[in-house]
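Here's a walk through one model, going from its charged pairs to its sheets and helix packing. Have the structure open while you read.

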Amino acid sequence: MPAFSRRTFMLAATALGAMTFAGAALAEVPALAKKDTYKVGFAQTESNNPWRIAQTNSMKAEAEKRGYQLVYTDAAGSAAKQVADVNSMIAQGVDVIFLAPREEKPLIPAVMAAKKAGIPVILLDRSVDPSLAKAGEDYLTFIGSDFIQEGQRVAEWLAKNANGKSKIIELEGTTGSSPANDRKKGFDEAITAAGGFEIVASQTGDFARDKGRQVAESLLQAHPDADIIYAHNDEMAIGAISAIEAAGKVPGKDILVLSIDGGKEAVQAVVDGKIAAVVECNPRFGPKAFDTMAAYANGDKIEGKLVNDDKFYDSTNAAAELANAY
Ligand code: AHR
């Protein structure tokens, strides 16, 4: 992966003549005119799980409700395609770009290209490397969950409810993505601080069900004493349940499974006793995303980070909450 630096981008922008005088053109997020309707881009990262589909549906529904034209792209799990998707939106002259960046570093050129073209970018659910692009300067704001806190909430639940279980397999999300980085950081630090636990293995399952199953299968063979699996999302947790059962063990009894996302299938697994607890990561972005865009066009000050509220599901509330899960 190329080494990006903020300085590299500033120099490149200068060379391309993007700076009109003394750096002023790159100092702020492009403005958004107040209009009756907009052409809005939404660059999705992939559509291989219920969380992504719920997020896309929420964005499409809100655009339709407001009568805005939505230019939607699906990068199909490729950061390079997502950069090309954003460039295509720029060429199509969208007013705003909502971007769910697959990974923290490779999407920086897309953020900078939109800024150079005078199009404000709002990051949805995943962020970019803060040393390379800044909210309120290179993009307008980040809207999403606090991923560090999500990892901490899983660790806090375990510290109270593990009942002597202690050996943890961690299934990480997509390498280089902000949820994988932050869910690991939040969990690992909090579980270490709690004491009495050991992370015996930690490996990526790429936020995908089948990869999660395969990785869990091989890690369970390598660590037959593992009695907890912490998955960075529901898809990998559901894959891990298959791996546990294939190993002749009982999820929820021999091995506790913990997850993040809170889709209906995972909340049902909590009701069934196969998943011990799930931290919700709310995918219903549409109303907040479009409200933020409208507020910006209105001239309101927009904070650099807008954090979503997330629920928590375990055996005490899963049955009652099932109908509300996405
Ligand atoms: O960025 C949020 C994460 O991305 C969700 O947890 C995951 O399921 C999705 O692919």
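## Salt bridges first

The side chains of K65 and E62 come together in a salt bridge, with an N to O distance of 3.8 Å. Keep in mind that this is a predicted model. K65 and E62 sit three residues apart in helix 2, so about one helical turn separates them. As a bit of background, an α-helix has 3.6 residues a turn, so residues three or four places apart point the same way. Are the two partners buried or exposed? K65 is exposed, with a relative accessible area of 67%, whereas E62 is buried at 7%.

That pair is one entry in a longer list, since a search of the whole structure turns up 24 salt bridges. Another one to look at is D125 with R52, where the closest N and O atoms are 3.0 Å apart. This pair ties together distant parts of the chain: D125 is in the loop between strand 4 (121-124) and strand 5 (141-144), R52 belongs to helix 2 (residues 50-66), and the two are 73 residues apart. D125 also meets R126 in a salt bridge, at 4.0 Å from N to O.

How much of each of these side chains is accessible? D125 is buried, with a relative accessible area of 2%. R52 is buried too, at 4%, and R126 is buried at 3%. Elsewhere, E46, R102, E103 and D206 are joined into one network by salt bridges that share partners.

Here are the three pairs side by side:

| Salt bridge | N to O distance |
|---|---|
| K65 and E62 | 3.8 Å |
| D125 and R52 | 3.0 Å |
| D125 and R126 | 4.0 Å |

## The parallel sheet

Next, the sheets. Six strands form an open sheet in the order 2-1-3-4-5-11, and the pairing is parallel. Its edges are strand 2 (69-74) and strand 11 (305-307), each of which pairs on one side only. From one strand to the next, the twist averages 20°.

Inside this sheet, strand 3 (residues 96-99) and strand 4 run parallel and are joined by three bridges. L99 stands opposite L123 of strand 4. Helix 3 packs on the sheet, where it touches strand 1 (39-44), strand 2 and strand 3, and its direction makes about 175° with that of strand 1.

## Helix 3 against helix 4

Helix 3 has a helical partner as well. Two packed helices are described by the angle between their axes and the distance between the axes. For helix 3 (residues 79-91) and helix 4 (residues 108-116), the axes come within 9 Å and cross at roughly 10°. That crossing makes helix 3 roughly parallel to helix 4.

Which residues meet here? On the helix 3 side they are V83, V86, N87 and I90, and on the helix 4 side A110, A113 and A114. By class, the contact has six nonpolar residues, one polar and no charged ones.

I90 is worth a click. Beyond its neighbours within four places in sequence, I90 is in contact with I97, A113, A114, A117 and I119. The C-alpha atoms of I90 and K115 are 9.8 Å apart, although their positions lie 25 residues apart along the chain.

Which residues of helix 4 are buried? They are I108, A110, V111, M112, A114 and K115. After helix 4 comes G118, whose phi is positive, near 80°.

## The mixed sheet

A further open sheet of six strands has the order 7-6-8-9-10-12, and here the pairing is mixed. Strand 7 (198-204) and strand 12 (312-314) are the edge strands, each pairing on one side only. The twist averages 15° from one strand to the next.

Strand 6 (residues 167-172) pairs with strand 7 in the parallel sense over six bridges. The bridge partner of E170 in strand 7 is S202.

Two helices complete the picture. Helix 7 (residues 209-222) lies across strand 6, strand 7 and strand 8 (228-231), running at about 150° to strand 6. Helix 8 (residues 234-246) packs on the sheet and touches strand 6, strand 8, strand 9 (256-261) and strand 10 (277-280). The direction of helix 8 makes about 160° with that of strand 9.

Notes. Residues are numbered from 1 along each chain as its sequence is written. This is a predicted model: local features need pLDDT of at least 70, side-chain atom pairs count only at pLDDT 80 or more; totals for chains, interfaces and linings use all residues. Side-chain values use heavy atoms; hydrogens and water are left out. Axes are lines fitted to C-alpha atoms, for helices over the stretch in contact, and angles run from 0 to 180 degrees between N-to-C directions. Helices (H or I, at least four residues) and strands (E, at least two) are DSSP runs, numbered from the N terminus. Angles under 35 degrees count as roughly parallel, over 145 as roughly antiparallel, 65 to 115 as roughly perpendicular and the rest as oblique. Contact means heavy atoms within 4.5 Å. Ala, Val, Leu, Ile, Met, Phe, Trp, Tyr, Cys and Pro count as nonpolar, Asp, Glu, Lys and Arg as charged, and the others, Gly among them, as polar. Two strands pair if DSSP finds at least two bridges between them. Buried means under 20% relative accessible area, exposed over 50%, partly exposed in between (1.4 Å probe, protein chains only).
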